[in-house]
Amino acid sequence: MSRHPEVKWAQRVDKVYLTVLLPDAKNAKVNLEPEGVFTFSASAGAGDLLYELKLNLFDKVDVEESKINIGVRSIFCILEKAEKVWWKRLLREDGKAPHFIKVDWDKWVDEDEDNGANDLDLGGMDFSKFGGMGGMGGMPPGMGGMGGMGGMGGMGDDAMGDDFEDSDDEDQEVSKSDKNLEGGAKAEEEHGGASGEKKEAAASI
């Protein structure tokens, strides 16, 4: 017998935010159909209990533009509405929503306060597109960007190399100036100036 995970939802005029709360979910399978049918299944817990979900959403959605992020504690979805209209409720069915579906007050905005701006802080989440998921196979979301980090190390090495080259030039300039000072001190000594003090000063620099 399967169980229902807790679901939180919020909306804007053009999208629905759907969060399935299921920590350490295994073998998560998520599907979204243009007619607005959202299905989810995964196992979780010490006994690998099966959790399943089927939601008949209030209206149609744009599957290609909808996004999903599978995290450690939850599955977060941004469902793009097919029509930019405010939904009366999450589900198509009349009546009270099931007990496991709750309003996500952290993301909720009232209709008269919705200005169409993307005001939600997503905390740097990496999303996969529903339209190109291919049954959730392949590399988990969030892992694809790691390859780019290797190049940054190389960039840093190059930059350090430039710094070292600059510092070599500076050393050469300093050594030249030392020679000039020494040369000046010798010239003054030859011309009978205050040779002792000037020579010591040049040496100390």
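1. Let me start with Trp105, which is exposed in this predicted model. Its relative accessible area is 65%, and the cut-off for calling a residue exposed is over 50%, so the label follows directly from the value.

2. Trp105 is also part of an aromatic pair, and its partner is Trp108. The two rings lie 6.1 Å apart, centre to centre, with 65° between the planes. Edge-to-face is the right name for this pair, because the class begins with angles over 60 degrees. Trp108 comes out as partly exposed, at 22% relative accessibility; buried would require a value under 20%.

3. Please look at Trp9 alongside these two. Trp9, Trp105 and Trp108 make up one aromatic cluster, so a view that centres on Trp105 and Trp108 should take in Trp9 as well.

4. How many aromatic pairs are there in the whole structure? The search finds 4. One of them is formed by Phe58 and Trp87, with ring centres 6.1 Å apart and planes at 45°, so this pair is tilted. The angle falls between the limits for the other two classes, which are under 30 degrees for stacked and over 60 for edge-to-face.

5. The location of that tilted pair deserves a moment of your time. Phe58 sits in the loop between strand E5 (49-56) and strand E6 (61-70), while Trp87 belongs to the loop between strand E7 (74-81) and strand E8 (101-103). The pair therefore ties together parts that are 29 residues apart in sequence.

6. Is each of these two rings buried or partly exposed? Trp87 is buried, at 2% relative accessibility, whereas Phe58 counts as partly exposed, at 23%.

7. A further tryptophan, Trp86, has a charge over its ring. The charged end of Lys81 sits there, 5.6 Å from the ring centre.

8. On strand pairing, I would begin with E6 and E7. They run antiparallel and are joined by 6 bridges, and together they form a hairpin with 3 residues between them. E6 also runs antiparallel to strand E9 (residues 128-129), with 2 bridges joining that pair.

9. Lys67 is a handy residue for following both pairings. Its bridge partner in E7 is Ile78, and its bridge partner in E9 is Lys129. When you trace these strands, keep in mind that side chains in a regular strand alternate between the two faces of the sheet.

10. Two backbone angles may catch your eye. Asp24 has phi near 55°, a positive value in a residue other than glycine; Asn27 is likewise a residue other than glycine with positive phi, near 50°. Asp24 lies in the loop between strand E2 (15-21) and strand E3 (26-33), and Asn27 has its place in strand E3. Asp24 is exposed, with a relative accessible area of 51%, and Asn27 is exposed too, at 61%.

11. Finally, the overall picture. The protein has 2 helices and 9 strands, and along the sequence they follow the pattern β-β-β-β-β-β-β-β-β-α-α. Of its 205 residues, 27% count as buried. The accessible surface comes to about 13,400 Å², and carbon and sulfur atoms hold 50% of it. Among contacts with a separation of 6 or more, 62% come from residues 24 or more positions apart.

Note on methods. Residues numbered from 1 in each chain as written. Predicted model: local features only at pLDDT ≥ 70, side-chain atom pairs only at ≥ 80, totals over all residues. Heavy atoms only, no water. Phe/Tyr/Trp six-rings, centres within 6.5 Å; stacked < 30°, edge-to-face > 60°. Helix = DSSP H or I, 4+ residues; strand = E, 2+ residues; numbered from the N terminus. Buried < 20%, exposed > 50% of the residue type's maximum accessible area, 1.4 Å probe, protein only. Lys NZ or Arg CZ within 6 Å of the ring centre and 35° of its normal. Contact = heavy atoms within 4.5 Å. Areas by Shrake-Rupley, 256 points an atom, 1.4 Å probe, with all protein chains shown as cover. Pairing = 2+ DSSP bridges.
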